[in-house]
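Visitor: Please take a close look at one part of this model, the first helix, and at what it touches. I would like one connected account rather than a list.

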Amino acid sequence: MSMFLHTLKPEERRILRKVVKKVHLKYHPREFCNDYEADKLIATIGPEVAANLVRLGKDYRIDEI
């Protein structure tokens, strides 16, 4: 896993996981949509994109859905 994942706050990590599951993994089988797979995808997109996804997740209140 990437080292920047450990620098995220728990709230940011939770928002990122929800965004990734709802957007990037929505057409995969339900067994595939877990935190481990979401973390693997987050690690591949990098810190800049992850920061943008956190910002968008907060703006659109994805954690309340």
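Guide: What follows goes through helix 1, its two helix contacts and the charged residues around them, and then turns to the end of the chain. The model is a predicted one.

Helix 1 spans residues 10-24. Its contact with helix 3 (residues 47-59) is a crossing: the two axes come within 9 Å, at an angle of roughly 90°. That makes helix 1 roughly perpendicular to helix 3, since angles of 65 to 115 degrees fall in that class. On the helix 1 side the contact is made by Glu11, Glu12, Ile15, Leu16, Val19 and His24. On the helix 3 side, Ala50, Leu53, Val54, Gly57 and Lys58 take part. Sorted by class, the residues of this contact are 6 nonpolar, 2 polar and 3 charged.

One of the charged residues in this contact deserves a separate look. Glu12, in helix 1, is buried and yet has no salt bridge. The nearest side chain of opposite charge is that of Lys58, 4.4 Å away. A salt bridge requires a side-chain nitrogen of Lys or Arg within 4 Å of a carboxyl oxygen of Asp or Glu, so the pair of Glu12 and Lys58 is not counted as one. Leaving aside residues up to four places away in sequence, Glu12 touches Val54 and Lys58. Both of these partners are among the helix 3 residues that meet helix 1.

Helix 1 also meets helix 2 (residues 35-45). Here too the axes come within 9 Å and cross at roughly 90°. Helix 1 and helix 2 are therefore roughly perpendicular to each other. From helix 1 the contact takes in Leu16, Arg17, Val20, Lys21 and His24, and from helix 2 it takes in Asp35, Ala38, Asp39, Leu41 and Ile42. These residues divide into 5 nonpolar, 1 polar and 4 charged. Leu16 and His24 appear in this contact and also in the contact with helix 3. Within helix 2, the buried residues are Glu37, Ala38, Asp39 and Ile42, and they pack against helix 1.

The charged residues of the contact with helix 2 lead to the salt bridges. As a general point, side chains of opposite charge can pair when their charged atoms come close. In this model the count comes to 5 salt bridges. One of them joins Arg17 and Asp35, with 3.6 Å between the closest N and O atoms. Arg17 lies in helix 1 and Asp35 in helix 2, so this pair ties together parts that are 18 residues apart in sequence. Arg17 is buried, at 19% relative accessible area, whereas Asp35 is partly exposed, at 35%.

Asp35 has another partner in Lys21, and the closest N and O atoms of that salt bridge are 2.7 Å apart. This pair also links distant parts of the chain, with Lys21 in helix 1 and Asp35 in helix 2, 14 residues apart. Lys21 counts as partly exposed, its relative accessibility being 26%.

A further salt bridge lies inside helix 2. Glu37 pairs with Lys40, their closest N and O atoms being 3.3 Å apart. Because they are 3 residues apart in helix 2, Glu37 and Lys40 are separated by about one helical turn. Glu37 is buried, with 16% relative accessibility, while Lys40 is partly exposed at 36%. Through shared partners, salt bridges join Arg17, Lys21, Asp35 and Asp39 into one network.

Two places outside the helices complete the account. Just after helix 2, Gly46 has a positive phi of about 95°. A positive phi also occurs at Arg61, a residue other than glycine, with a value near 50°. Arg61 is placed in the segment after helix 3 and is exposed, with a relative accessible area of 52%. Glu64 lies in the segment after helix 3 as well, and it is exposed at 59% relative accessible area. The C-alpha atom of Glu64 is separated by 18 Å from that of Asn52, a residue 12 places away along the chain.

Conventions. Residues numbered from 1 in each chain as written. Predicted model: local features only at pLDDT ≥ 70, side-chain atom pairs only at ≥ 80, totals over all residues. Heavy atoms only, no water. Helix = DSSP H or I, 4+ residues; strand = E, 2+ residues; numbered from the N terminus. Buried < 20%, exposed > 50% of the residue type's maximum accessible area, 1.4 Å probe, protein only. Lys, Arg positive; Asp, Glu negative; His and termini not counted. Contact = heavy atoms within 4.5 Å. Axes fitted to C-alpha atoms, helices over the stretch in contact; angles between N-to-C directions. Parallel < 35°, antiparallel > 145°, perpendicular 65-115°, else oblique. Nonpolar A, V, L, I, M, F, W, Y, C, P; charged D, E, K, R; others polar.
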